[in-house]
Amino acid sequence: MEHTTAQRIASRFAGLPADKRREFLTRMQEQGVSFGQLPIPPAVELQESFELSYAQQRQWFLWQLDPQSSAYNIPAALRLHGPLNVEALQHSFDVLLERHQSLRSRFVEDDGQVMQTLAEFTSLPIEMIDLRREPEEQRLACAMNRVEQDIARPFDLQQGPLLRVSLLQLDDQDHVLLLTLHHIVTDGWSMGVLIEEFSRLYAAHCQGQSAALDPLPIQYSDYALWQRRWMDAGELERQLNWWRDTLGSEQPLLELPTDRARPAQPSQRGARLDFALDTNLAKGLMALAKQRGVTPFMLLLASFQALLYRYSGQSDLRIGVPIANRHRAETRCLIGFFVNTQVLRAELDGRLPFSQLLDQTRAASL
């Protein structure tokens with residue numbers, strides 16, 4: 001199918017009434033044409049408000065439960081060495097806000113219907129924090145303390161903005177650039193896009209040039225509308241039925257032995273343990289994965305499943321794994337909330353050889 005024809009079909013689908021979209025999708029399926037192969041059509045005209053994606057809908061629900069929570073703040077800190085061009089810094093973020101509409105999103109609710117709107121474009125305020133008055137040996141610690149304070153500050157999804165930029169000056173040629181966004185407009189992949197494009201914009205402006213950024217084929221609001229139209233036309237039912245068949249009707253809770261009772265109210269005081277594998281062990285794991293024809297992720301997942309079985313005694317395990325969810329070419333350079341959690345189910349038997357567990361893990365991950 002030619003791109004122009006596919007684009008025309010996708011645009012026609014998005015503009016149909018709900019009942020006609022369902023009929024349209026059914027006819028496409030009967031002809032063996034997958035709607036997922038069609039391009040995401042860009043908006044034809046500017047709108048004042050847009051529907052939320054399903055991922056954003058989840059975040060809105062969680063924010064309403066606890067508006068003062070900072071659990072879904074996503075930070076990034078960059079250490080900048082050398083002379084700083086403040087004008088280039090400001091210009092770079094202004095270009096990013098104009099380029100990615102998601103960075104100017106606000107969320108409003110009217111009669112139970114939540115929509116996202118775009119704030120008028122204005123120059124992004126960058127908070128300048130001078131730490132040069134602090135003792136030199138304490139400046140970095142002061143900067144990290146400031147970073148933690150900013151990360152803990154909640155966002156107001158209704159008022160915005162949902163992007164905060166702070167510049168902490170440690171010395172004349174030593175700065176920390178802190179970016180903090182709410183998860184409803186970003187994810188891990190998006191933070192990589194944001195930092196990469198900022199770096200190119202900043203470097204180009206310092207050299208008196210324009211950064212050669214490819215035009216965005218769509219905006220996040222176009223993706224959200226496309227997703228809604230597709231799911232409402234029957235795709236949601238198909239996918240839900242597939243997951244019900246895959247996971248079954250009962251979802252067992254993992255019961256691990258703990259040193260205290262599970263609290264009735266989550267404290268949100270989570271922790272992370274970082275460790276490094278011994279070089280010889282890492283090489284051995286890579287060799288085993290290659291021998292079994294699986295990726296290192298599959299090997300480590302199978303090991304984790306075996307560990308959970310040993311401590312819980314439960315043979316039906318489900319593990320949530322975050323996935324980028326960037327299957328579409330149009331979404332690869334967008335800043336927005338695409339990440340999803342995929343459930344991988346493992347049915348274990350205490351007599352099951354580890355090699356068979358690897359094979360089961362491989363099949364579940366495909």
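By class, how many nonpolar, polar and charged residues does the lining of the largest pocket have? I'll come to that pocket straight away, then turn to a sheet. Bear in mind that this is a predicted model.

The answer by class is 20 nonpolar, 11 polar and six charged residues in the lining of the largest pocket. The volume of this pocket is about 1,200 Å³. It is lined by 37 residues, and those closest to its centre are M231, Q239, W243, N325 and N340.

Which elements give two or more residues to that lining? There are α3, residues 54-65, and α7, residues 220-247. Then there are β9, residues 340-347, and α10, residues 354-365. Of the contributions to the lining, the most comes from α7, which gives 15 residues.

Now the sheet. Four strands make up an open sheet, and reading across it the order is β2-β7-β6-β5. The pairing is mixed. From one strand to the next, the twist averages 20°.

Why is one side of β2 and of β5 left without a neighbour in the sheet? Both strands, β2 at 73-81 and β5 at 126-130, stand at the edges and have a single partner strand each, so there is nothing in the sheet on the other side of either.

For β2, the pairing with β7 can be given in detail. Strand β7 covers residues 174-182, and the two run in the antiparallel sense, with nine bridges between them. To take one position you can find on screen, L78 has L177 in β7 as its bridge partner.

That's the pocket and the sheet.

Key
Residues numbered from 1 in each chain as written. Predicted model: local features only at pLDDT ≥ 70, side-chain atom pairs only at ≥ 80, totals over all residues. Heavy atoms only, no water. Pairing = 2+ DSSP bridges. Axes fitted to C-alpha atoms, helices over the stretch in contact; angles between N-to-C directions. 1 Å grid on protein atoms, 1.4 Å probe; cavity = no way out; pocket = protein on both sides within 12 Å on 5 of 7 lines; lining within 4 Å. Points joined across faces, edges and corners; volume = space filled by probe spheres on them. Nonpolar A, V, L, I, M, F, W, Y, C, P; charged D, E, K, R; others polar.
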